[in-house]
Amino acid sequence: MPNPNKVTERLFQSPSKYIQGPSAIRNVGKYLSAFGKSPLLLSDELVYGIAGKDLTDALEGSGFKVTRGIFGGEASREEVSRIGAIAKDNSVDFIVALGGGKTIDTAKAIADDLGLQIAVLPTTASTDAPCSALSVIYKPNGEFEHYRFYSSNPTTVLVDTSVVVKAPARFLASGIGDALATNLEAKSARNSPNFGGGLPTEVSSAIGAKCEEILFKYGRQAVEANKVGAITPAFEAVVEANTLLSGLGFESGGLAAAHAIHDGMTAIDNHTLHTKMHGEKVAFGTVCQLILDSAPTEEMDRYLGLMVSVGLPTTLADLGIHEVSDEELFRVAKLACAPNETIWNMDRLITPEIVFHAIKGADSAGRDYKVRHGIKL
Ligand SMILES: [Zn+2]
């Protein structure tokens with residue numbers, strides 16, 4: 001049920017500064033000078049090799065003393081306290097997160113525990129985690145646990161597109177999957193309080209609409225540019241849509257069914273499904289969202305066409321779970337309808353039965369699109 005607490009204030013929140021461009025990491029000293037002098041740099045081993053060394057050099061060249069924290073791979077409570085202890089032992093005075101969504105979410109939790117500011121440097125444009133004042137916390141086995149909310153957004157978000165373009169194009173496509181949900185979910189949740197606890201403002205709906213416009217205009221072109229390592233205007237626009245517009249749009253606009261169904265799917269025990277990225281699972285959730293929104297076939301096809309053109313999954317088979325039983329899908333639907341889930345923001349009646357039927361309907365719509373367009377199922 002939307003707005004059970006009868007909230008009447010409108011609320012919009014965001015980071016203080018967003019910077020994006022080729023080789024932006026080189027200027028990091030300039031942008032972080034007000035933060036302190038001793039950051040903890042959190043990144044995993046792989047990312048450290050790709051960008052961490054350059055970032056450390058840039059920071060040390062500007063007089064910062066860098067403590068390294070090596071991210072273990074899961075944004076879990078255990079990982080937050082393990083790295084938090086390293087930060088404390090080294091008396092760091094701010095946190096720098098370098099990496100993907102889970103690294104960023106872990107770093108935000110550490111910063112909050114220690115009352116420190118955080119700068120986020122995403123190395124992929126695969127999720128809308130960088131700009132928001134929340135983390136998604138998972139159990140050590142990868143199952144969704146809960147959303148953790150903070151009183152403020154990351155102070156600064158800096159995106160080096162020379163780094164982002166080095167990630168496989170699948171990461172950008174996954175970010176498109178996550179960002180494509182933003183406008184649809186916000187529209188569906190327009191009468192419910194957002195993640196900041198206020199009602200959506202006009203600017204958040206404008207951001208959601210602009211985000212979607214960019215994805216339809218440039219999504220495919222950007223993924224193709226990414227494949228050949230080209231930083232083009234289309235690539236820059238989609239990186240911004242995936243990171244800034246989607247981030248602001250979902251946080252101040254609100255989430256609905258697409259993400260709730262994504263969260264429900266994390267409980268299915270299937271290896272292939274677990275190798276899928278956040279935005280890939282959200283893409284299928286978005287097809288479910290469209291079904292619940294009663295989208296006409298022509299409208300569904302527009303979204304399915306974009307998803308298919310950038311290699312996003314639109315069917316259960318694409319997610320590797322074509323043999324999933326109705327019992328398992330019903331379990332996903334029930335989890336999507338857990339008491340704290342974002343599906344309750346929706347402006348329509350929701351029950352696990354309705355969601356179960358939407359999931360099956362989404363799969364059938366995705367398959368039908370492929371059959372009509374001569375695409376292999
Ligand atoms: Zn998301």
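These exercises work through the sheet, the domains and three helix pairs of a predicted model.

**Exercise 1. The sheet**

Task: Give the strand order of the open sheet, and state which strands stand at its edges.

Solution:
- Step 1. Trace the pairing across the sheet. Six strands follow the order β1-β8-β5-β4-β2-β3, and the pairing is parallel.
- Step 2. Look at the two ends. β1 (17-21) and β3 (67-70) each have a single partner strand, so one side of each lacks a neighbour in the sheet.
- Step 3. Follow the twist. From one strand to the next, it averages 15 degrees.

**Exercise 2. One strand pair and the helices on the sheet**

Task: Find how many bridges join β2 to β4, then state which strands helix α2 touches and which strands helix α3 touches.

Solution:
- Step 1. Take β2 (residues 39-43) and β4 (residues 94-99). They run parallel, joined by four bridges.
- Step 2. Pick a residue pair. L42 lies opposite A97 in β4.
- Step 3. Add helix α2 (residues 45-61). This helix packs on the sheet and touches β2, β3, β4 and β5 (117-122). Its direction and that of β2 make an angle of about 155 degrees.
- Step 4. Add helix α3 (residues 77-89). Packed on the sheet, α3 touches β2 and β3. Its direction is at about 165 degrees to that of β3.

**Exercise 3. The two domains**

Task: State where the domain bounds fall and how many residues of each domain are in contact with the other.

Solution:
- Step 1. Read the domain assignment. It gives domain 1 as 17-164 and domain 2 as 169-372.
- Step 2. Take the centres over C-alpha atoms. They are separated by 25 Å.
- Step 3. Turn to the contact. Domain 1 contributes 26 residues and domain 2 contributes 29.

**Exercise 4. Helices α7 and α8**

Task: Are α7 and α8 roughly parallel or antiparallel?

Solution:
- Step 1. Get the geometry. The axes of α7 (residues 202-227) and α8 (residues 233-253) come within 7 Å and cross at roughly 150 degrees.
- Step 2. Apply the cut-off. Angles over 145 degrees count as roughly antiparallel. α7 and α8 are therefore roughly antiparallel to each other.
- Step 3. Give the hand. The crossing of α7 and α8 is left-handed.
- Step 4. List some contact residues. Among them are I207, C211, I214 and Y218 of α7, with F235, V238, L245 and L248 of α8.
- Step 5. Sort the contact by class. It has 13 nonpolar, nine polar and one charged residues.

**Exercise 5. Helix α11 and its partners**

Task: Describe how α11 packs with α6 and with α12, and give the residue classes of each contact.

Solution:
- Step 1. Start with α6 (residues 169-188) and α11 (residues 278-292). Their axes are 7 Å apart, at an angle of about 35 degrees. The crossing is left-handed.
- Step 2. Name residues in this contact. R170, D178 and E185 are among those in α6, and H278, E280 and Q289 are among those in α11.
- Step 3. Classify them. The contact of α6 with α11 has six nonpolar, seven polar and four charged residues.
- Step 4. Move to α12 (residues 297-309). α11 and α12 pack at about 175 degrees, with axes 11 Å apart. The pair is therefore roughly antiparallel.
- Step 5. Name the residues. A283, T286, V287, L290 and I291 of α11 make the contact with M300, Y303, L304 and M307 of α12.
- Step 6. Classify again. The contact of α11 with α12 has eight nonpolar, one polar and no charged residues.

Definitions and conventions. Residues numbered from 1 in each chain as written. Predicted model: local features only at pLDDT ≥ 70, side-chain atom pairs only at ≥ 80, totals over all residues. Heavy atoms only, no water. Pairing = 2+ DSSP bridges. Helix = DSSP H or I, 4+ residues; strand = E, 2+ residues; numbered from the N terminus. Axes fitted to C-alpha atoms, helices over the stretch in contact; angles between N-to-C directions. Contact = heavy atoms within 4.5 Å. Parallel < 35°, antiparallel > 145°, perpendicular 65-115°, else oblique. Left-handed = near helix turned anticlockwise from the far one by under 90°. Nonpolar A, V, L, I, M, F, W, Y, C, P; charged D, E, K, R; others polar. Domains from an automatic or database assignment.
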